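This report covers one protein chain. It takes overall figures first, then the sheet, the core and the helices.

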Amino acid sequence: MSLKHIQIEVAYATPERQQIIPVRVVEGATVAECIAQSKITRYFPEIDLEQQKVGIWSKAVKLEHQPREGDRIEIYRPLIADPKAIRRQRAERAKDDGRADPVTGGRRREQTR
């Protein structure tokens, strides 16, 4: 009895370049096994699956997840800054610049006459 195989892709990108590697794997393989079989670390040796998150079609999954036919496994780079902190800083600047209400932080409404 032969094993059934599925076709998936493994993707990783940096600001400078991206790599999408098609891989044929045994059905039931885990995300971690698919990434290893793709050999994507040849192109990006900095990938550290202990630290980086992975997903399938922009939805986070665990390394033990089993992809299906046609799935794209994505390896995500670590965030440089916390998005909440960046929004908070932007709102504070808007208040300081007078572009936002100092109490609510919302946009100032134009006075109508």
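Of the 113 residues in this predicted model, 26% count as buried. The protein exposes about 8,900 Å², and carbon and sulfur atoms supply 49% of that area. Contacts with a sequence separation of 6 or more can be split by range. Residues 24 or more positions apart account for 45% of them.

**Layout**

Two helices and five strands make up the secondary structure. Along the sequence they follow the pattern β-β-α-β-β-β-α.

**The sheet**

The five strands form an open sheet with mixed pairing, in the order 2-1-5-3-4. Strand 2 and strand 4 (59–61) are the edge strands, and each pairs on one side only. From one strand to the next, the twist averages 35°. In general, strands of a sheet pair through backbone hydrogen bonds, in either the parallel or the antiparallel sense. Three of the pairings are set out below.

| Strand pair | Sense | Bridges | Facing residues |
|---|---|---|---|
| Strand 1 (residues 5–13) and strand 2 (residues 18–26) | antiparallel | nine | Val10 and Ile21 |
| Strand 1 and strand 5 (residues 72–75) | parallel | three | Ala11 and Glu74 |
| Strand 3 (residues 54–56) and strand 5 | antiparallel | three | Ile56 and Ile73 |

A hairpin joins strand 1 to strand 2 through four residues. Strand 1 also pairs with strand 5, and these two run parallel. Strand 5 in turn pairs with strand 3 in the antiparallel sense.

**Helix 1 and the core**

Helix 1 (residues 31–38) lies across strand 1, strand 2, strand 3, strand 4 and strand 5. Its direction is at about 115° to strand 2.

Nonpolar side chains tend to be buried together in soluble globular proteins. Here the largest nonpolar core has 18 residues. Those with the most contacts inside this core are Ile8, Val10, Val25, Ile35, Ile40, Ile73 and Ile75. Strand 1, strand 2, helix 1, strand 3 and strand 5 each give two or more residues to the core. Strand 1 gives the most, with four residues.

Which residues does Ile35 contact, leaving aside its neighbours within four places in sequence? They are Val10, Ile40, Leu49, Val54, Ile73 and Ile75. Two of these partners reappear in the table: Val10 stands opposite Ile21, and Ile73 stands opposite Ile56.

**Helix 2**

Helix 2 covers residues 83–96. Does its length fit the rise per residue, or depart from what that rise predicts? At 1.5 Å a residue, its 14 residues should span 20 Å. The end C-alpha atoms are 20 Å apart, so the two values agree.

Ala94 has its place in this helix. Is Ala94 buried or exposed? Its relative accessibility is 11%, and the cut-off for buried is under 20%. Ala94 therefore counts as buried. Not counting residues up to four places away in sequence, Ala94 touches Arg99 and Ala100. Gly98 comes just after helix 2 and takes a positive phi of about 80°.

**In brief**

The model holds an open, mixed sheet of five strands, with helix 1 lying across the strands. The largest nonpolar core draws on strand 1, strand 2, helix 1, strand 3 and strand 5.

Methods
Residues are numbered from 1 along each chain as its sequence is written. This is a predicted model: local features need pLDDT of at least 70, side-chain atom pairs count only at pLDDT 80 or more; totals for chains, interfaces and linings use all residues. Side-chain values use heavy atoms; hydrogens and water are left out. Two strands pair if DSSP finds at least two bridges between them. Axes are lines fitted to C-alpha atoms, for helices over the stretch in contact, and angles run from 0 to 180 degrees between N-to-C directions. Contact means heavy atoms within 4.5 Å. Buried means under 20% relative accessible area, exposed over 50%, partly exposed in between (1.4 Å probe, protein chains only). Accessible areas come from the Shrake-Rupley method with a 1.4 Å probe; for residues, only the protein chains shown count as cover. A nonpolar core is a set of buried Ala, Val, Leu, Ile, Met, Phe, Trp, Tyr and Cys residues joined through side-chain atoms within 4.5 Å. The expected span of a helix is 1.5 Å times one less than its number of residues.
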